[in-house]
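Dear colleague,

I am handing over a structure to you with this message, and below it you will find notes on what turned up in it. Please keep the structure open beside the text while you read.

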Amino acid sequence: MSPLTETLQAAGGGLLLASGIALFVVAAVGLIRFPDPYTRLTAVTKSGTLGLVLVLLGVLVMDPGIAAAIKLILAIMLQLLTAPIGGLSLSRGTFRSGAALPVGLQYDQMSEQRGGQHGAHR
């Protein structure tokens, strides 16, 4: 490989890694600063998922190879498939535990399932 190619590869991989780490920081700040559990879950699941994908893509750019590509793409696919399901499960559990909804929320699709009883576990 030419020195220019190596430099571009290192710069691209470094940029992806830095972007992923920045999203991890955003997720951590959101976890600390947001006022209710629902927005905290959103910050962590969205930023954390995209951050991990960017970090894994950065690793793939910096160290290309068939074996590494297969492992990293499999890890990315599993992350993209499982993180939304985990976030949904956590938010449903939070709702069913009776945690207060954000003030600005106007539509409560699950209220009929809870039966109007705050804190009812089903």
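**Helix 1 and its cover**

Helix 1, which takes in residues 3-33, is made of 31 residues and reaches 44 Å from its first C-alpha to its last, close to the 45 Å expected at 1.5 Å a residue. Please bear in mind from here on that this is a predicted model, and that confidence in the chain is highest in helix 1, at a mean of 92.

Which residues of helix 1 are buried? They are Gln9, Gly13, Gly20, Ala27 and Gly30, and helix 2 is included in what covers them. Gln9 counts as buried because its relative accessibility is 15%, which is under the 20% cut-off. If residues up to four places away in sequence are not counted, Gln9 touches Met1, Val61, Met62, Asp63 and Pro64.

**The chain as a whole**

Stepping back, the chain holds 4 helices and 0 strands, so that its elements, read from the N terminus on, run α-α-α-α. Of its 122 residues, 25% count as buried, and the chain exposes about 8,200 Å², with carbon and sulfur atoms supplying 72% of that area. When contacts between residues at least 6 apart in sequence are considered, 60% of them join residues at least 24 apart.

**Helices 2 and 3**

The largest nonpolar core has 6 residues, namely Val53, Leu56, Leu60, Ala69, Leu72 and Ile76, and helix 2 and helix 3 each supply at least two residues of this core. Leu72 is a useful place to look, since, leaving aside neighbours within four places in sequence, Leu72 is in contact with Leu56, Val59 and Leu60.

Helix 3, which covers residues 66-96, has 31 residues that should span 45 Å at 1.5 Å a residue, and its end C-alpha atoms are indeed 45 Å apart, which agrees. The buried residues of helix 3 are Ala69, Leu72, Ile76, Ala83, Gly87, Thr94 and Phe95. Just after helix 3 comes Gly98, which takes a positive phi of about 95 degrees.

**Two threonines of helix 2**

Is Thr45, in helix 2 (residues 37-62), buried or exposed? Thr45 counts as buried because its relative accessibility is 19%, which falls under the 20% cut-off. A polar atom of the Thr45 side chain lies 2.8 Å from the backbone oxygen of Leu41, and, apart from neighbours within four places in sequence, Thr45 is in contact with Ala83 and Gly87. Both of these partners appear among the buried residues of helix 3.

Thr42 also lies in helix 2, but with a relative accessibility of 42% Thr42 counts as partly exposed. The C-alpha atoms of Thr42 and Gly87 are separated by 7.6 Å, although the two residues are 45 residues apart along the chain.

**How far to trust the coordinates**

The mean pLDDT of the chain is 85, and 85% of its residues reach 70 or more. Where in the chain is confidence lowest? Confidence is lowest in helix 4, residues 111-114, at a mean of 64. Where pLDDT is low, the predicted coordinates should not be read in detail.

With best wishes

Notes
Residues numbered from 1 in each chain as written. Predicted model: local features only at pLDDT ≥ 70, side-chain atom pairs only at ≥ 80, totals over all residues. Heavy atoms only, no water. Buried < 20%, exposed > 50% of the residue type's maximum accessible area, 1.4 Å probe, protein only. Contact = heavy atoms within 4.5 Å. Areas by Shrake-Rupley, 256 points an atom, 1.4 Å probe, with all protein chains shown as cover. Polar contact = N/O pair within 3.5 Å; in protein donor to acceptor, adjacent residues only side chain to side chain. Core = buried A, V, L, I, M, F, W, Y, C linked by side-chain atoms within 4.5 Å. Expected span 1.5 Å × (residues − 1). pLDDT = per-residue confidence, 0-100.
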